[in-house]
Amino acid sequence: MRSRVRYVFTAFTNDSESNMYVYESADATTFTLLHGPAYEPPTGLVRDPSVIRHGDRWIVAHTTGWETGDFALAVSDDLAEWRHHTTVEVGAGWVRNTWAPEFFRDPATGRWHVVVSLSTDSYGPFRPHLFTAEDAELTRWSGPVELAGIGPNHIDTFLVHHAGEYHAFAKNETDKVVEHAVAPALTGPYRFVDTGDFAGWGRVEGPALTVLPDGRYRIYLDGYTTSRYVYSDSADLRTWTPPRELPGGLSGFVRHGSVFREE
């Protein structure tokens, strides 16, 4: 019997940077609202919420402010009630912005990581850095390790492991397009294989990927200049379908989030 797949989508919205909304879908296309607003952090923002299922709980990592030296995690037992889990201090004196934390579980080690965009000056230039969980509860984290080769000004880096390589999709903050790099190891060195507006996505940010029921990949993108939220599909991470708007009233309402596939 084919297992049931559920996709859980967390996002902030055009209306509020401090309220997170939670959606679910069976096909990664048509999402229905589970709870919204579902979480407002004790202080700061809940921008860019990246969601995972960890054991019997759900955890999101999120941006806490426009100019902060930390990111935060929130936890839920049921996707309805959320509470602050931990705040991760970057611990680097040169950091002015800490943006867009994205979860990644390395299949080679099984360890959880968070990739965060860090800047050396106010609002750039940005480079992605990797934090590694040091306990099973995801409360203690290592210091930042730069992902070599992605730069000099890329944000919103999202990692995928495919065909024995690590793939990074990141927004070129100078040209305002999402580009694609690959590496033999998690921390690099990465080399860009697709640059510019290679897939015809236009000016987008916040890439987030998941695997569809048929095994293809889907990337979700925040068309922040056009108030459109779009998706595009690929079998090999190189050739992509034309972008389509997310239906159900989500396009134009949700902003930079992530989608987690749950079996």
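This tour moves through a predicted model, with a suggested selection at each stop.

**Strand 12**

Please begin by selecting residues 154-162, which form strand 12. Is this strand mainly buried or exposed? Eight of its nine residues are buried, so strand 12 is largely enclosed by the rest of the structure.

**The partner strand and the turn**

Next, add residues 165-172, which make up strand 13. Strand 12 and strand 13 run antiparallel, and seven bridges join them. To follow the pairing, display H154, which has N172 of strand 13 opposite it. Then proceed to the turn of this hairpin, where two residues lie between the strands. At this point A163 should be selected, for its phi is positive, near 50 degrees.

**K171, E173 and their network**

Remain in this region and show the side chains of K171 and E173. These two residues form a salt bridge, in which the closest N and O atoms are 2.8 Å apart. How accessible is each partner? K171 has a relative accessible area of 1% and is therefore buried. E173 has a relative accessibility of 16%, and because buried means under 20%, E173 is also counted as buried. Now extend the selection to K176, E205, D222 and R255, which belong with K171 and E173 to one network, joined by salt bridges that share partners.

**A link between distant parts of the chain**

The next selection is R53 together with E262. Their side chains meet in a salt bridge, with an N to O distance of 2.4 Å. Where do the two partners lie in the chain? R53 belongs to strand 4 (residues 47-54) and E262 to strand 20 (residues 254-262). The pair thus links distant parts of the chain, with the two positions 209 residues apart in numbering. Colouring by accessibility separates the partners: R53 is partly exposed at 27% relative accessibility, whereas E262 is buried at 15%.

**R140 and E134**

Select R140 and E134 for the final pair. R140 forms a salt bridge with E134, and the closest N and O atoms are 3.9 Å apart. Since the limit for a salt bridge is within 4 Å, this pair is counted. R140 is partly exposed, having a relative accessible area of 46%. E134, at 41% relative accessibility, is likewise partly exposed.

**The whole structure**

To conclude, return to the full view. How many salt bridges does a search of the whole structure find? The search finds 21, among them the R53 and E262 pair, the R140 and E134 pair, and the K171 and E173 pair.

Definitions and conventions:
Residues numbered from 1 in each chain as written. Predicted model: local features only at pLDDT ≥ 70, side-chain atom pairs only at ≥ 80, totals over all residues. Heavy atoms only, no water. Buried < 20%, exposed > 50% of the residue type's maximum accessible area, 1.4 Å probe, protein only. Helix = DSSP H or I, 4+ residues; strand = E, 2+ residues; numbered from the N terminus. Pairing = 2+ DSSP bridges.
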